Amino acid sequence: GTSPEAWGLPHRLLVRLVDCFANWLKIGQETLQEIGSLPAPPMILMQPTDAEVRFKGIRAQRSFSTIRPSCDEVRAYFHREETLRYLIPDRAFSYTALDGRKSTVAPLRCIGKPSAKIRDHFMLKHNRPPHVTILCLVRDAAARLPGSIGTRADVCTLIRDSQFIVEDISDFQVNQVVSGALDRLHYELDPCVQFDRDRHLWVYLHGEREEEEFENDGTSSRKNWKRQGEMLERNLS
DNA sequence: AATACTCGCAAGGTTAACAG
DNA sequence: CTGTTAACCTTGCGAGTATT
């Protein structure tokens, strides 16, 4: 029922709650509508995805980018997708990868963090949406890898497309931050990236997923997982 | 020797719980 | 309601290791 008593809440709070929910629903629907009305992605996107060609000679030169920096058209299209993505951070989202295919990124767990204050970061712009972090942007970049695979340098190239990254930053600094972020991402409980030892390449794993497949919290760290395991053991004994 | 991934820890800031 | 404390998350950092 909608009576305050049924929820055990004061009427005033219940009204605010309903208000919040209505707003969330409205923004979600509007954003979904905009996503639906996005034009077709620019065909310049299609870069050669033949792994043989791309990764030839990678072993010799390790930190080598196998993709060109995006042109203005591709970057502009990505900015539109990126904006929509962070309007509905609690939903899964599909980016257009450099090979033209759709690639899904996991929902951000931002439930119960409405007041999320932006934390300053030397690589991130100050006027970004509150949920944008380095981890998100590196994940987005990895999702856009052509063929869902590439070098770390490729991820560095792609993350520079983001509208939330400051332009005036050295390759070395980007490299350092991306390295740390990939490190974090790949040992999460349900990792979105994986390092292929044999080929020395990073692989993005979530590209084919549907929204429903993200229901288990994919962003929980191994630290959490460990703690949950310990709690489970305690409960069993 | 140089490079890049692995692993663990700690600083700094945030959230939640709680006593007054 | 407010100040304090403890737990927690993100990020930075460095030692360790493997591959070239």
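Two strands count as paired if DSSP finds at least two bridges between them. By that rule S3 is paired with strand S5 (residues 201–204), since 2 bridges join these antiparallel strands. The model described here is predicted.

**Overall make-up**

Chain A contains 8 helices and 5 strands. Read from the N terminus, the order of elements is α-α-α-α-β-β-α-β-α-α-β-β-α. The chain has 237 residues, of which 40% count as buried. Its exposed area is about 14500 Å², and carbon and sulfur atoms supply 54% of that area. Among contacts in chain A with a separation of 6 or more, 61% are between residues 24 or more positions apart.

**Strand pairing**

Strands S3, S5 and S4 form an open sheet of 3 strands in the order S3-S5-S4, with antiparallel pairing. Strand S3 (149–150) and strand S4 (193–196) are the edge strands, each pairing on one side only. Within the S3 and S5 pair, Ile149 is opposite Val203 in S5.

S1 and S2 are also antiparallel and are paired over 4 bridges. Here Thr96 faces Lys102 in S2 as its opposite residue. The hairpin of S1 and S2 has 5 residues between the strands, and Gly100 in this hairpin has a positive phi near 90 degrees.

The two pairings with S1 or S3 can be set side by side.

| Strands | Sense | Bridges | Opposite residues |
|---|---|---|---|
| S1 and S2 | antiparallel | 4 bridges | Thr96 and Lys102 |
| S3 and S5 | antiparallel | 2 bridges | Ile149 and Val203 |

**Val105**

Val105 belongs to strand S2 (residues 102–105). Val105 counts as buried because its relative accessibility is 0%, and the limit for buried is under 20%. Leaving out residues up to four places away in sequence, Val105 touches Arg85, Ala92, Phe93, Tyr95, Arg139, Asp140, Ala143, Tyr204 and Phe214. Arg139, Asp140 and Ala143, which are among these partners, are also among the buried residues of H5. The C-alpha atom of Val105 is 27 Å from that of Ser170, which is 65 residues away along the chain.

**Nonpolar core and helix H5**

The largest nonpolar core has 40 residues. Tyr86, Leu137, Val138, Ile159, Val178 and Val193 have the most contacts inside this core. Two or more residues each come from helix H4 (72–87), strand S1 (93–96), helix H5 (134–143), helix H6 (152–159), helix H7 (171–186) and S5. The most are given by H5, with 7 residues.

H5 is mostly covered, with 9 of its 10 residues buried. The buried residues are Ile134, Cys136, Leu137, Val138, Arg139, Asp140, Ala141, Ala142 and Ala143. Apart from neighbours within four places in sequence, Leu137 is in contact with Glu82, Tyr86, Leu124, Val132, Ile159, Ser162, Phe164 and Ile165. Two of these partners, Tyr86 and Ile159, are listed with Leu137 among the residues with the most contacts inside the core.

**A nonpolar patch at the surface**

Phe21, Trp24 and Leu25 make a nonpolar surface patch of about 310 Å². Trp24 is located in helix H2 (residues 11–36). With a relative accessible area of 43%, Trp24 is partly exposed. Trp24 can therefore be part of a patch, because its 43% meets the requirement of over 30% relative accessible area.

Methods: Residues are numbered from 1 along each chain as its sequence is written. Chains are lettered from A and ligands numbered from 1 in the order in which they are written. This is a predicted model: local features need pLDDT of at least 70, side-chain atom pairs count only at pLDDT 80 or more; totals for chains, interfaces and linings use all residues. Side-chain values use heavy atoms; hydrogens and water are left out. Patches are made of residues with over 30% relative accessible area and no salt bridge: like charges are joined within 9 Å, nonpolar side chains (Val, Leu, Ile, Met, Phe, Trp, Tyr) within 5 Å. Accessible areas come from the Shrake-Rupley method with a 1.4 Å probe; for residues, only the protein chains shown count as cover. A salt bridge is a side-chain nitrogen of Lys or Arg within 4 Å of a carboxyl oxygen of Asp or Glu. Buried means under 20% relative accessible area, exposed over 50%, partly exposed in between (1.4 Å probe, protein chains only). Contact means heavy atoms within 4.5 Å. A nonpolar core is a set of buried Ala, Val, Leu, Ile, Met, Phe, Trp, Tyr and Cys residues joined through side-chain atoms within 4.5 Å.
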